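Trainee: Hey, I'm new to this one. Can you walk me through it?
Mentor: Sure, pull it up and ask away.

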Amino acid sequence: KTKLLNARSLLGSFMDLTFAHYRNRFCMFRTYYALAVGKVKADGVNMKVIELPDPPSKEQEEALIRGDVQAANLYLPNFLRRKLQGAPIIGLATEWKSTMKGNGVFVRAGGPVKTPKDLEGRQIATHQGLHAIHQYLLRQVYGVDDGKLRWQSYPQEKLLGTLLEGKADAVVLLDHFFFRGEVADGVRCLYTDGEAWQKLKGFDELIKHMVAAREDLLRQHPGIKDILLQAFRASFAYSEAHLDEIADAFIKRYGGDKEALLASARYPRIEFTFTEKEQRLAEAEMELLLEVGQIPRRAPVASLFAM
């Protein structure tokens with residue numbers, strides 16, 4: 001087992017801490033696997049790792065706000081919305097950042113949708129209903145009248161079937177489901193969010209998820225931020241060297257195709273940092289979310305994250 005920072009010297013004593021991440025998402029499962037099974041430990045912290053439903057469920061953010069868990073990975077728009085509404089939570093670092101692959105809109109090959117503009121008046125299915133980031137990108141990059149888009153919500157694992165069965169004209173696929181779409185017969189990727197975002201803003205990545213903690217955790221344990229981030233990085237490093245093992249564990253729990261899981265692990269960028277570039281990126285994404293009505297206002301990033 002890997003020992004990290006000596007938390008006892010920073011925190012004063014052993015502490016119990018529960019961390020939550022989204023369920024049935026191989027990217028998260030593999031990132032925190034070593035912490036969940038005890039291959040990596042933060043010395044002095046008894047960390048329990050649990051999985052909760054992903055958006056559109058609000059359970060994960062509610063669990064953090066209630067204090068059922070002390071830290072969690074959150075979808076960035078959900079974190080910003082709740083933080084700006086006064087929730088007692090604080091950002092620690094970015095987690096999943098999309099690159100050129102890993103999140104995209106798929107349509108039926110040979111179907112009526114040839115370009116993003118053809119989505120007007122059609123059904124787009126996602127795992128969360130209206131997808132704010134794709135709504136913004138369709139409007140700003142491809143000139144789509146987003147008022148004419150119709151959004152549906154299905155569990156992520158059912159989206160590809162929904163498209164193939166004709167229940168939706170397009171679907172948003174991410175993580176290992178994105179790879180399934182790339183290799184599936186009869187569908188094609190219309191565009192990825194990374195491609196569109198780079199065209200619009202020039203950034204080569206897009207923050208999708210971040211890590212947040214309760215404000216009182218940081219007040220009571222000033223050294224805990226660095227301990228957690230180092231633990232997360234060590235757990236991720238373990239996953240890089242043991243992807244086969246972790247994919248087998250994921251399939252045992254959730255099912256799935258191993259080739260798709262292993263391929264999808266290469267799509268996102270995960271560093272657990274909040275660099276100056278990432279701060280500028282967060283500001284650009286706040287502008288996006290404000291324009292589509294997903295957050296009530298903008299705020300300095302220094303007021304949202306523990307800098």
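**Confidence first**

Mentor: This is a predicted model. The chain has a mean pLDDT of 93, and 96% of its residues reach 70 or more.
Trainee: And where is the pLDDT below 50?
Mentor: Over residues 1–7. That stretch still has 24 contacts in the model beyond near neighbours in sequence. Where pLDDT is low, though, the predicted coordinates should not be read in detail.
Trainee: Okay, new topic. How many disulfides are there?
Mentor: A search of the whole structure finds 0. Take cysteine 27: the nearest cysteine sulfur belongs to cysteine 189 and is 18 Å away. A disulfide needs the two sulfurs within 2.5 Å, so cysteine 27 is in none. Cysteine 189 is in no disulfide either, with the sulfur of cysteine 27 as its nearest, 18 Å away.
Trainee: Is cysteine 27 buried or exposed?
Mentor: Buried, at 3% relative accessibility. Cysteine 189, on the other hand, counts as partly exposed at 28%.
Trainee: Switching again: where does threonine 162 sit?
Mentor: In helix α6, which covers residues 159–164.
Trainee: And is threonine 162 buried or exposed?
Mentor: Threonine 162 is buried, because its relative accessible area is 3% and the cut-off is under 20%.
Trainee: What does the side chain of threonine 162 reach?
Mentor: The backbone oxygen of lysine 158, at 2.8 Å.
Trainee: Which residues does threonine 162 touch further off in sequence?
Mentor: Leaving out residues up to four places away, threonine 162 touches Ala125, Tyr154, Lys167 and Ala168.

How values were computed:
Residues numbered from 1 in each chain as written. Predicted model: local features only at pLDDT ≥ 70, side-chain atom pairs only at ≥ 80, totals over all residues. Heavy atoms only, no water. Buried < 20%, exposed > 50% of the residue type's maximum accessible area, 1.4 Å probe, protein only. Helix = DSSP H or I, 4+ residues; strand = E, 2+ residues; numbered from the N terminus. Polar contact = N/O pair within 3.5 Å; in protein donor to acceptor, adjacent residues only side chain to side chain. Contact = heavy atoms within 4.5 Å. pLDDT = per-residue confidence, 0-100.
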